[in-house]
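Here is a short set of exercises to work through with the model open beside you. Try each task before reading its solution.

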Amino acid sequence: MIKTLTKTLLAASLIAASSIAAQAADYTIRATANSNENDEDYDGLVVFKNYVEAASNGAIEVEMFIGTQLCSKGAECLQGVADGSIDVYISTSGGAAGLFPYVQVLDLPYLMADDRVAEAVLQGDFTRTMRAMALESSGDKIRLMTVGNTGGWRNFANTQRRVANPSDMEGLKIRTVVADLPQELVRALGASPTPIPWPELFTSLQTGVVEGSKNGITDIMGMKFPDAGLQYVTLDGHAYMGALWWMSNDKFMAMPEDMRQVVVDGFYQLQQATFASPKRKSIAAYEEFVAGGGDLYVPTPAEKAAFKEAASPVYDWFKGNVDGGEKIFEALTAAVAEAEADINAGRMADIK
């Protein structure tokens, strides 16, 4: 009798689960990342999809497009978000700078000291300020949902020599993106900025077209740049590699409030996943780099201060030349100061 009842209840639950799964979702979110399944962006989207579909009880379905199936470049992808053909897209600051130049504030050097500061800043009102600016710039079409991480921290790497001081950068040809800010930074440090498309960087390092780059270690090892001669990495951590997650504002606002809350919470889960992923992946990447003969150098506090001093003219350039630059710079520096105060107070309480 009990066994029969148990079987009956199990069968009923399976039928109910099947019927829920078979129901068409009320909302479909088409999300794309121009990366691959080894990337932090993919990790984040998997977490987002799992959370949103479960928390909405199947009312929201997330379709993932990894690679360039829907679009291939920042401007094209953001246009897809604006016109509604793409619902969610992740970009770097450089990839979105053409439409939202002020997002390059994330590339300003030496403003955020470490992961604790960066993560506190990006979970707070700074991101909401940038969201409001992006909505205004896009005519309420493109909404910044969150800022995560894609690759850890940018560090200087080159094929020629150890870089311990700004003077060691003198004359090096450093690969940058086309955006103005990273080129201004490289010039401020005495090197020569050379815009090179990402797919061409390996060959450019190999042939000497460029002698260095500014990337995270997971990108360096993932692209096998040491095989092209990149043997010197300086862990100056000059910029946090922010990942900006954009969503069609029309799609988001068309959802009822309870579903919007699920999506917002999903992006929180995504953000936490992308914060964590580079920390783990970088361990093996650094070990592989050193095992292959790479020179890994950590600047002393005095040397890092010298880099910051040499790069400081970039701050004035940004505020004076980038539309919205002064407003977003003030928002970021205020958020950093608040985060540092909170973190330092917590540290003191924890070590007592």
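**Exercise 1. Find the bridge partner of N155 in β7, then describe how the two strands pair and where the side chains of β7 point.**

Start with the bridge itself: in this predicted model, N155 has N215 of β7 as its partner. Next, look at the strands around that bridge. Strand β4 (residues 142-158) runs antiparallel to β7, and the pairing extends over 4 bridges. Now follow the side chains along β7 (residues 212-215): G212 and K214 point one way, while S213 and N215 point the other way. In a regular strand the side chains alternate between the two faces of the sheet. Finally, check the burial of these four residues: G212, S213, K214 and N215 are all buried.

**Exercise 2. Determine in which sense β5 and β6 pair, and work out the handedness of the connection between them.**

Begin with the pairing. Strand β5 (residues 173-176) and strand β6 (residues 192-195) are joined in the parallel sense over 4 bridges. Two positions help you to align them: I174 has P193 as its bridge partner in β6, and R175 stands opposite T194. Then trace the connection: from β5 the chain passes through helix α7 (residues 180-188) before it reaches β6. To judge the hand, view the strands pointing away from you; a clockwise path from the first strand over the helix to the second is right-handed. By this test, the β-α-β crossover is right-handed.

**Exercise 3. Locate the largest nonpolar core and name the residues with the most contacts inside it.**

The largest nonpolar core holds 57 residues, and V121, F126 and W246 have the most contacts inside it. Ask next which helix gives the most to this core: helix α14 (residues 325-351) does, with 8 residues. There is also a second, separate core of 24 residues, with A33, F48, V52 and I90 among them. As background, in soluble globular proteins nonpolar side chains tend to be buried together.

Now zoom in on F126, which lies in helix α6 (residues 125-137). F126 counts as buried because its relative accessible area is 3%, and the cut-off for buried is under 20%. Leaving aside residues up to four places away in sequence, F126 touches V105, L106, V121, I328, A331, L332 and A335.

**Exercise 4. Compare two residues of the loop between α9 and β8: is F225 buried or exposed, and what is notable about the phi of K224?**

First place both residues. F225 is in the loop between α9 (217-222) and β8 (232-248), and K224 is found in that loop too. With a relative accessible area of 0%, F225 is buried. Its contacts, not counting residues up to four places away in sequence, are W198, L201, F202, L205, D219, I220 and L230. For a distance check, take N158, which is 67 residues from F225 along the chain: their C-alpha atoms are separated by 9.8 Å.

Turn to K224, which is partly exposed at 49% relative accessible area. K224 has a positive phi of about 60°, although it is not a glycine.

Now try N57, in the loop between α2 (40-55) and β2 (60-66). N57 also is not a glycine and has a positive phi of about 60°. N57 counts as exposed because its relative accessibility is 59%, and the cut-off for exposed is over 50%.

**Exercise 5. Decide whether the radius of gyration of the protein chain agrees or disagrees with that of a compact globule.**

Start from the chain length: for 352 residues, a compact globule would have a radius of gyration near 20 Å. The protein chain has 22 Å, which agrees. Add the extents: along its principal axes, the C-alpha trace spans about 80 × 50 × 45 Å. Of the 352 residues, 49% count as buried. Among contacts between residues at least 6 apart in sequence, 75% join residues at least 24 apart. The accessible surface comes to about 16200 Å², and 53% of this belongs to carbon and sulfur atoms. To close the inventory, the secondary structure of the chain comes to 14 helices and 9 strands.

Note on methods
Residues are numbered from 1 along each chain as its sequence is written. This is a predicted model: local features need pLDDT of at least 70, side-chain atom pairs count only at pLDDT 80 or more; totals for chains, interfaces and linings use all residues. Side-chain values use heavy atoms; hydrogens and water are left out. A nonpolar core is a set of buried Ala, Val, Leu, Ile, Met, Phe, Trp, Tyr and Cys residues joined through side-chain atoms within 4.5 Å. Buried means under 20% relative accessible area, exposed over 50%, partly exposed in between (1.4 Å probe, protein chains only). Two strands pair if DSSP finds at least two bridges between them. The radius of gyration is taken over C-alpha atoms; the globule rule is 2.2 Å times the number of residues to the power 0.38. Contact means heavy atoms within 4.5 Å. Accessible areas come from the Shrake-Rupley method with a 1.4 Å probe; for residues, only the protein chains shown count as cover.
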